[in-house]
Amino acid sequence: MDLGMNSTPTTAGRNKKDKHVWTPIEDASLVEALNELCVGGYWKVDNGFRSGYLGQLEKAMEQKLPGCGLKAVPHIESRVKTLKKQTLAISDMLTNSSGFAWNDEEKMVVCEKQVFDDWVKVHNSAKGLRNKPFPHYDTLVEVFGKDRANGKGAEGPAEVIEDLTNNSTFNFEGDGLDDINFSSSTTQTPICPPSTRPNKRARNDNWSQSMADMASTLRSFVDMTKTHLETVKCVLMSENATSERRAKIVDELQKIQGLSDMNVIDAAAAIISDDAKIDLLFTLPDNLKIQWVKKLLHQY
């Protein structure tokens, strides 16, 4: 993931004024902006983001939080690095050890203290994440391409190849394999006189090369299929979770003290068609929801 820009200053050269303590609202807006870059399709690539995406995030943050003063470098760059490190650290804990669990209501990793202490001795990036709320994990684990929230159902390339190997029926039509030539020797016209035909070793080498080419093409097909399947899975999971939350928007707004019935109606109308705002409503701490909703109503 490329987090750099052409004029990135060194750490030693940054002034103390460049340091910034991020608020929950700023974090929520940054996560929302990152998710929008992914959904847009252009800025997100297989190994991270395209060069220049930090500038796009800076513009998005200024639109979402006018006057926030957050710059691509060092503020946003530093925070994205931190969020990525914490997201992948949580994913590793949930995926690679049976001693950890995810509390979906509190949005945090839970485990025995001794289990966590032993883990941190080897995985320093996980330090401080035990029983610490991380409200945007579900979104960030998709943003950073490590959708391993529960460690289940994520079939790797090896498993896909095994499935294809065990399946006796293959339909290669239209999948890029029809260019391979499997001509039969009984119908092929000799291309050289009998006296100069390739010897047995040469024919074996040609056959080996043909099989290697076919295996390479098959691997490409498997990788392409795996990518499509993961994309569909992420979309379906995201749409299902958002649909359930959309049905509970009014109930969630009515829990916020200080909102009139008309406020609830207006806020629901402003939120219901925006998936990012729906996620924000359900992930913001209770003491910050009233501020966010009032700001939303003012804009609406």
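Visitor: Why is Arg79 called buried?

Guide: In this predicted model, Arg79 has a relative accessible area of 19%. The word buried applies under 20%, and Arg79 is therefore called buried.

Visitor: Where does Arg79 lie, and which residues does it touch?

Guide: Arg79 lies in helix H3, which covers residues 72-96. Leaving out residues up to four places away in sequence, Arg79 touches Trp22, Asp27 and Leu30.

Visitor: What makes the peptide bond from Val73 to Pro74 stand out?

Guide: That bond is cis, with omega near 10 degrees. Most peptide bonds are trans. Pro74 has its place in helix H3.

Visitor: How do you know how confident the predictor is in the chain?

Guide: The confidence is given as pLDDT, which runs from 0 to 100. For this chain the mean pLDDT is 75, and 68% of the residues reach 70 or more. Two stretches have values under 50: residues 1-13 and residues 146-196. Beyond four places in sequence, the model has 25 contacts for residues 1-13 and 42 contacts for residues 146-196.

Visitor: How many helices and strands does the chain have?

Guide: The chain has 11 helices and 4 strands. Of its 300 residues, 29% count as buried. Among contacts with a separation of 6 or more, 62% are between residues 24 or more positions apart.

Visitor: Why is H1 called oblique to H2?

Guide: The axes of H1 (residues 24-40) and H2 (residues 53-64) cross at roughly 130 degrees and come within 9 Å. An angle over 145 would count as roughly antiparallel, and 65 to 115 as roughly perpendicular. The crossing angle fits neither of those ranges, so H1 is oblique to H2.

Visitor: Is the crossing of H1 and H2 left-handed or right-handed, and which residues make the contact?

Guide: H1 passes H2 in a right-handed crossing. On the side of H1, the contact is made by Glu26, Ser29, Leu30, Glu32, Ala33, Leu34, Glu36 and Leu37. On the side of H2, it is made by Tyr53, Gln56, Leu57, Ala60, Met61 and Lys64. By class, the residues of this contact are 8 nonpolar, 2 polar and 4 charged.

Visitor: What makes H10 and H11 roughly antiparallel?

Guide: The axes of H10 (residues 275-283) and H11 (residues 286-299) come within 9 Å and cross at roughly 150 degrees. Angles over 145 count as roughly antiparallel, and H10 and H11 are therefore given that description. Their crossing is left-handed. The contact is made by Lys277, Leu280, Leu281 and Phe282 of H10 and by Lys289, Trp292 and Leu296 of H11. This contact of H10 with H11 has 5 nonpolar residues, no polar residues and 2 charged residues.

Visitor: How do you know that Ala28 is buried?

Guide: The relative accessible area of Ala28 is 4%. The cut-off for buried is under 20%, so Ala28 is buried. Ala28 lies in helix H1. Apart from neighbours within four places in sequence, Ala28 is in contact with His136, Leu280 and Leu284. Ala28 and Leu284 are 256 residues apart along the chain, and their C-alpha atoms are separated by 7.7 Å.

Visitor: Why is Met108 counted as buried?

Guide: Met108 has 11% relative accessibility. Buried means under 20%, so Met108 counts as buried. Met108 is found in strand S4. Setting aside residues up to four places away in sequence, Met108 touches Ala101, Trp102, Asn103, Asn131, Lys132 and Pro133. The C-alpha atoms of Met108 and Phe134 are separated by 5.6 Å, with their positions 26 residues apart along the chain.

Visitor: What is the phi of Lys107, and is the residue buried or exposed?

Guide: Lys107 has a positive phi of about 55 degrees, although it is not a glycine. Most residues other than glycine have a negative phi. Lys107 is in the loop between strand S3 (101-103) and strand S4 (108-110). Its relative accessibility is 9%; buried means under 20%, so Lys107 counts as buried.

Visitor: Why is Asn131 called partly exposed?

Guide: Asn131 has a relative accessible area of 36%. Buried requires under 20% and exposed requires over 50%; Asn131 fits neither, and is therefore partly exposed. Asn131 lies in the loop between helix H4 (113-122) and helix H5 (137-143). The phi of Asn131 is near 60 degrees, a positive value in a residue other than glycine.

Conventions: Residues are numbered from 1 along each chain as its sequence is written. This is a predicted model: local features need pLDDT of at least 70, side-chain atom pairs count only at pLDDT 80 or more; totals for chains, interfaces and linings use all residues. Side-chain values use heavy atoms; hydrogens and water are left out. Axes are lines fitted to C-alpha atoms, for helices over the stretch in contact, and angles run from 0 to 180 degrees between N-to-C directions. Helices (H or I, at least four residues) and strands (E, at least two) are DSSP runs, numbered from the N terminus. Angles under 35 degrees count as roughly parallel, over 145 as roughly antiparallel, 65 to 115 as roughly perpendicular and the rest as oblique. A crossing is left-handed if the near helix is turned anticlockwise from the far one by less than a right angle, and right-handed if clockwise. Contact means heavy atoms within 4.5 Å. Ala, Val, Leu, Ile, Met, Phe, Trp, Tyr, Cys and Pro count as nonpolar, Asp, Glu, Lys and Arg as charged, and the others, Gly among them, as polar. Buried means under 20% relative accessible area, exposed over 50%, partly exposed in between (1.4 Å probe, protein chains only).
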